[in-house]
Amino acid sequence: KAQGVTGQTACNDCTAGKFAPEAGTEVCDDCPGNDYSSTGSTMCNQCTRGFYYSLDEQCVACPFDSTDCPADGGSTQEVITIKPGYWRATATGQSFLACPVDDSCVGGTNFTDGGDGYCAKGHTGVLCAVCDDDYFYDKDQNVCSRCSNAAASQSLWTALCALVALSSAYVLWRSKLAQETRKTSVNVFKRTKQKLNITAIMMQIATSMPVNLGIVFPVLFSEFLGAFDFVNINPFQVIAFNCLGTYNFYHTLLGMTLTPLAVCGLLMGRYLYKKKMVAVKEKSEEEATAEEEAGAEETKETEEAEETKETEKAAAAKEAQGLLAWTILILFFTMPPVSSVIFSVFKCRYFEDSDEWYLVVDYSIQCEGKERTAWLLFALIMVLIYPVGITVSFGALLYSERHKVNSWERKGNH
């Protein structure tokens, strides 16, 4: 309070934005800089609009894009309006972070429920990026949707429509097209399949680069790549497993890594069985030939039996080659998306305000503890199997067949 006129019996309150450090002073002083005070203050312990009063008694500029400090003296480090689309980790945190999931952060003034007060319905956790109970993450919409809407998921319907379209096309191709036309289409496919394979692998790598390497492409190019995201085979993004029980990214890691290995293991088991059958038949033929050379009579029944064995051997050899080809094809197309999932295990984000690390691909998982160590060990083993082991195996296979490849190229096949 202050009084600038002599002979008065009372002092007047200093107006807002001014202060008097001692009672009875002649005039109220203006608050310096961006400091501010309420009416009748003895100090400036607030801030003007556009600033908030921090715990160390300083006026800090409010980040324009993430916060709103519209009134003089209305914002402090504990009470500050966060705009929709942003979140902070603690009640006094000074890092206002953009939320990765659309419409997940509604903003707010007070920090409540461990940060969930900033989250829209159905969203929870760090950056409001975790789907609440009875919700699942819809990748196409980039939002947490109710489990009751899982059947209407765009990803699921897109996958089902693609499956129906491919099945229908195959049935029509088998039933409606003439034999000669089918043969022509097969030849065209054989001539172009290498180019198609290379293109598909290139798109798998390109579409995973923003996630794995943190590369930010121009908007138009990102939208272009988004149209080819289907080449990254990941059924765990199509089916709402969250609605079936407790589920997180580590379960996706297990499914994505072990399923191809199990399928290829069954195919290779069948392949080895057929190879053994071929070897047995060849040995049987050698014994039969030895008997002929020893003077055994060759009857009509013997000839028919030999022809049958030869046919069975050829069929077994063809099936074995087909099984090997399918194994290579599965590994060829699953290695990029599976490798992308594996490398996601190693990418964590540090939140300075709360002093915690979280897995970027799933903010419900903390990057610490014994469980985390076990999953890191599993991921390292999968790195040796997929990006390292499969690549080395393909290289060794190509090297072993290099003479056939060179002969194939000399014939004009490209």
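Two strands are counted as paired when DSSP finds at least two bridges between them, and in this predicted model that condition is satisfied by strand β13 (residues 135–138) and β14, which are joined in the antiparallel sense over 4 bridges. Within this pair, F136 has S145 of β14 standing opposite. The two strands form a hairpin that leaves 4 residues between them, and N142, which belongs to the turn, has a positive phi of about 55°.

**The sheet of β15, β16 and β17**

Further along the chain, an open sheet of 3 strands is arranged in the order β15-β16-β17, and the pairing is antiparallel. The edge strands of this sheet are β15 (348–351) and β17, each of which pairs on one side only. From one strand to the next, the twist averages 40°.

Taking the two pairings in turn, β15 and β16 run antiparallel and are joined by 4 bridges, with W357 in β16 as the bridge partner of Y350. Strand β16 (residues 356–359) is also paired with strand β17 (residues 362–366), again in the antiparallel sense, over 2 bridges. Here Y358 stands opposite Q366 in β17, and the two strands make a hairpin with 2 residues between them. As a general point for reading such a sheet, side chains in a regular strand alternate between the two faces.

**Disulfides**

A search of the whole structure finds 9 disulfides. Among them are the three links set out below, with their sulfur-to-sulfur distances.

| Disulfide | S to S distance |
|---|---|
| C31 and C44 | 1.9 Å |
| C62 and C69 | 1.9 Å |
| C147 and C243 | 2.0 Å |

The disulfide of C31 and C44 has a torsion of about -85° about the S-S bond, and it is therefore left-handed. C31 lies in the loop between β2 (29–30) and β3 (35–36), while C44 lies in the loop between β3 and β4 (46–47), so this pair ties together parts that are 13 residues apart in sequence. Both C31 and C44 are buried.

The link of C62 and C69 is left-handed as well, with -95° about the S-S bond. As for accessibility, C62 has a relative value of 13% and counts as buried, and C69, at 7%, also counts as buried.

The disulfide that joins C147 to C243 is likewise left-handed, with -90° about the S-S bond. C147 is placed in the loop between β14 (143–146) and α1 (154–175), and C243 in the loop between α3 (219–226) and α4 (249–293), so the pair ties together parts that are 96 residues apart in sequence. The two partners fall into separate accessibility classes: C147 counts as buried because its relative accessibility is 16%, which lies under the 20% cut-off, whereas C243, at 29%, counts as partly exposed.

**Other cysteines**

Why does C11 make no bond with the cysteine sulfur in C28? The sulfur of C28 is the closest cysteine sulfur to that of C11, yet the two are 9.1 Å apart, which is too far for a bond; a disulfide is counted only when the sulfur atoms are within 2.5 Å. C11 itself counts as partly exposed, with a relative accessibility of 32%. C264, by comparison, has a relative accessibility of 6% and counts as buried.

**Helices α5 and α6, and a surface patch**

E310 is found in helix α5, which covers residues 300–344. With a relative accessibility of 39%, E310 counts as partly exposed, since that class lies between the limits of 20% and 50%. E310 and V278 are 32 residues apart in sequence, and their C-alpha atoms are 9.6 Å apart in space.

Helix α6 (residues 370–400) contains L380, whose relative accessible area of 45% makes this residue partly exposed. Together with F343 and F346, L380 makes a nonpolar surface patch of about 270 Å².

Technical notes
Residues are numbered from 1 along each chain as its sequence is written. This is a predicted model: local features need pLDDT of at least 70, side-chain atom pairs count only at pLDDT 80 or more; totals for chains, interfaces and linings use all residues. Side-chain values use heavy atoms; hydrogens and water are left out. Buried means under 20% relative accessible area, exposed over 50%, partly exposed in between (1.4 Å probe, protein chains only). Patches are made of residues with over 30% relative accessible area and no salt bridge: like charges are joined within 9 Å, nonpolar side chains (Val, Leu, Ile, Met, Phe, Trp, Tyr) within 5 Å. Accessible areas come from the Shrake-Rupley method with a 1.4 Å probe; for residues, only the protein chains shown count as cover. A salt bridge is a side-chain nitrogen of Lys or Arg within 4 Å of a carboxyl oxygen of Asp or Glu. Axes are lines fitted to C-alpha atoms, for helices over the stretch in contact, and angles run from 0 to 180 degrees between N-to-C directions.
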